[in-house]
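Student: Please take one part of this model and go through it closely. I am new to it, so explain the terms as they come up.

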Amino acid sequence: LALESEYVSANLNHWVDLIFGYKQRGPEAAAAHNIFHYLSYEGSVDLDKITDEVDRKATESHIQNFGQTPSQLLVKMPHPNRLPAEECWRPLISELSRLKSLRCHTPPRQYGSHGAVLSINVLTEQILVIYADLSIGTYRWSPYRSGSMPFT
């Protein structure tokens, strides 16, 4: 439950910066006291170029026993903060008067070869749908006109 706390959610971006981001290597890593043995970093050594068998086995053993840091995914900028909960979940319609013009449309794919819908995610500009076969469909909102679909 502690990992699901508001504090952790609000500060998770700092952990991402240390593990995958711009604080993994270089001066930002040093400033954050996030420095590891050089062999732990991806691409720091080419095992095929180590000609001495003992050195190669020692290097391999070090990597196998002490592990490697993950690939650095975010090199230049900090990972953004998570939005507050009240900004993450917004209703589709905030004015009840607009509820009359809302129509529900089920894409023909829903019960076709893709199976049932597992998840529907409403984003700012589109709806993201995940189907039972793990395929993803995206739909964009379009203005309501008689005889038209509410999204494309």
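Tutor: What follows is a close look at one helix, its two ends and its charged side chains, and then a shorter look at a loop and some strands.

This is a predicted model, in which local features need pLDDT of at least 70, side-chain atom pairs count only at pLDDT 80 or more, and totals for chains, interfaces and linings use all residues. Residues are numbered from 1 along each chain as its sequence is written, and side-chain values use heavy atoms, with hydrogens and water left out.

The part in question is helix α3, residues 53-66; helices (H or I, at least four residues) and strands (E, at least two) are DSSP runs numbered from the N terminus. The 14 residues of α3 should span 20 Å at 1.5 Å a residue, and this agrees with the 20 Å between its end C-alpha atoms. The expected span is 1.5 Å times one less than the number of residues.

At the N-terminal end, D52 acts as a cap on α3, with a side-chain oxygen 2.8 Å from the backbone nitrogen of V54. After the helix comes G67, which has a positive phi near 80 degrees.

Now the charged side chains. A salt bridge is a side-chain nitrogen of Lys or Arg within 4 Å of a carboxyl oxygen of Asp or Glu, and by this rule the count is three. One of the salt bridges links E53 to R56, whose closest N and O atoms are 2.7 Å apart. E53 and R56 are three residues apart in α3, about one turn of the helix. E53 also meets K57 in a salt bridge, at 3.9 Å from N to O. K57 and E53 are separated by about one helical turn because they are four residues apart in α3.

R56 has a second partner, E60, with the closest N and O atoms 2.9 Å apart. E60 and R56 are four residues apart in α3, so about one helical turn separates them. Through shared partners, these salt bridges join E53, R56, K57 and E60 into one network. An α-helix has 3.6 residues a turn, so residues three or four places apart point the same way.

How accessible are these side chains? E53 is partly exposed at 40% relative accessibility, R56 is partly exposed at 22%, and E60 is partly exposed at 26%. Buried means under 20% relative accessible area, exposed over 50%, and partly exposed in between (1.4 Å probe, protein chains only).

In the loop between α2 (26-31) and α3 lies S40, which is buried at 8% relative accessibility. A polar atom of the S40 side chain lies 2.8 Å from the backbone oxygen of H37. Leaving aside residues up to four places away in sequence, S40 touches G67, Q68 and T69, where contact means heavy atoms within 4.5 Å. G67 is also the residue that follows α3.

Elsewhere in the chain there are strands. Two strands pair if DSSP finds at least two bridges between them. Strand β1 (residues 117-122) runs antiparallel to strand β2 (residues 126-131), joined by five bridges, and a hairpin of three residues connects β1 to β2. Strand β3 (residues 136-140) pairs with β2 in the antiparallel sense, also over five bridges. In β2, V129 stands opposite I120, and V129 also stands opposite G137 in β3. Four residues lie between β2 and β3 in their hairpin, and L134 in the turn has a positive phi of about 70 degrees.

Notes. Polar contact = N/O pair within 3.5 Å; in protein donor to acceptor, adjacent residues only side chain to side chain.
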